[in-house]
Amino acid sequence: MGSEKKSSPNIESRRRHILRMPQAVYSASGIVVNGRRLKSFVFTTDIAIIRNCDADAVFAVYPFTPQQAISQAIIQSSYIPVFCGIGGGTTQGLRTLTLAQSVEGQGAMGVVMNSPITNRNLLAVSRVVDIPVIITVTKADTDIAARLMAGASILNVACGPDTARVVGLIRAQFPEVPIIASGGKNDESIAATIAAGANAITYTPPSAAFLFKEMMEKYREET
């Protein structure tokens, strides 16, 4: 009797219209960072979505040169942990170290680096911050052992349609390494990615413009 799983109380405010993560995400084991278990990462820099979703954390990565003003706005506006992109592609070298230290001071839970970054640069970043360093994996032939030796704390597998297969390859070689992976748009693809060995899932939500369009269409049908 004592081993029965108890349900958790569910309390909601009047703010019931929120973006919910796909249900399949909750079958993941999660990654415990500083005592907090994270299963779902919303991949966005849209503060309106960040403030109105039920994700466990934010993946604040965008296709421009990272700027402290952007990271500060996101971290201050979010009530869930934020993992900030600090470069790796167009931004490398000394600037990545400065950005890493800056977002750590702003309150980021971790930093995210993109796949082109060198192991030497990755190692330098891992030595100047005291928060997890996430390295993105975009190809099956990535030297994972070298990435881990260079200080990567968590792998972020983003290989498009090949993601689940690459997760499986990594998991077979590195049974204990924490893996976040992009799971796609539906429960089936997310479940397959988790089954392959992902501990947590990044979810790219619809844009605020798309969500608003859906809402307006619903309003027109009701009137």
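1. Let's start with the second largest pocket of this predicted model. The second largest pocket has a volume of about 370 Å³. Its lining is made up of 26 residues. If you want to find the pocket on screen, look for Val61, Tyr62, Pro63, Gly87 and Asn114, which lie nearest its centre. Strand 4 (57-60) and strand 6 (110-113) are the elements that each give two or more residues to this lining.

2. What kinds of residue line the second largest pocket? Twelve are nonpolar and 14 are polar, while no charged residue takes part in the lining.

3. Now turn to helix 3, which covers residues 94-106. Here is a nice check you can follow yourself: at 1.5 Å a residue, its 13 residues should span 18 Å, and the end C-alpha atoms are 19 Å apart, which agrees.

4. Which residues of helix 3 are buried? They are Thr96, Leu97, Leu99, Ala100 and Val103. Seen down the helix axis, these buried residues fall within an arc of 165°, so they line one face of helix 3. It helps to remember that an α-helix has 3.6 residues a turn, so residues three or four places apart point the same way. On the other side of helix 3, Leu94 and Gly105 are exposed.

5. What do the buried residues of helix 3 pack against? Their partners are helix 2 (68-77), strand 5 (82-85), strand 6 and helix 4 (119-128). Strand 6 is worth a second look, as it also gives two or more residues to the lining of the second largest pocket.

6. Finally, look just past the end of helix 3: glycine 107 follows the helix, and its phi is positive, near 115°.

Technical notes:
Residues numbered from 1 in each chain as written. Predicted model: local features only at pLDDT ≥ 70, side-chain atom pairs only at ≥ 80, totals over all residues. Heavy atoms only, no water. 1 Å grid on protein atoms, 1.4 Å probe; cavity = no way out; pocket = protein on both sides within 12 Å on 5 of 7 lines; lining within 4 Å. Points joined across faces, edges and corners; volume = space filled by probe spheres on them. Helix = DSSP H or I, 4+ residues; strand = E, 2+ residues; numbered from the N terminus. Nonpolar A, V, L, I, M, F, W, Y, C, P; charged D, E, K, R; others polar. Expected span 1.5 Å × (residues − 1). Buried < 20%, exposed > 50% of the residue type's maximum accessible area, 1.4 Å probe, protein only. Arc of directions from axis to C-beta. Contact = heavy atoms within 4.5 Å.
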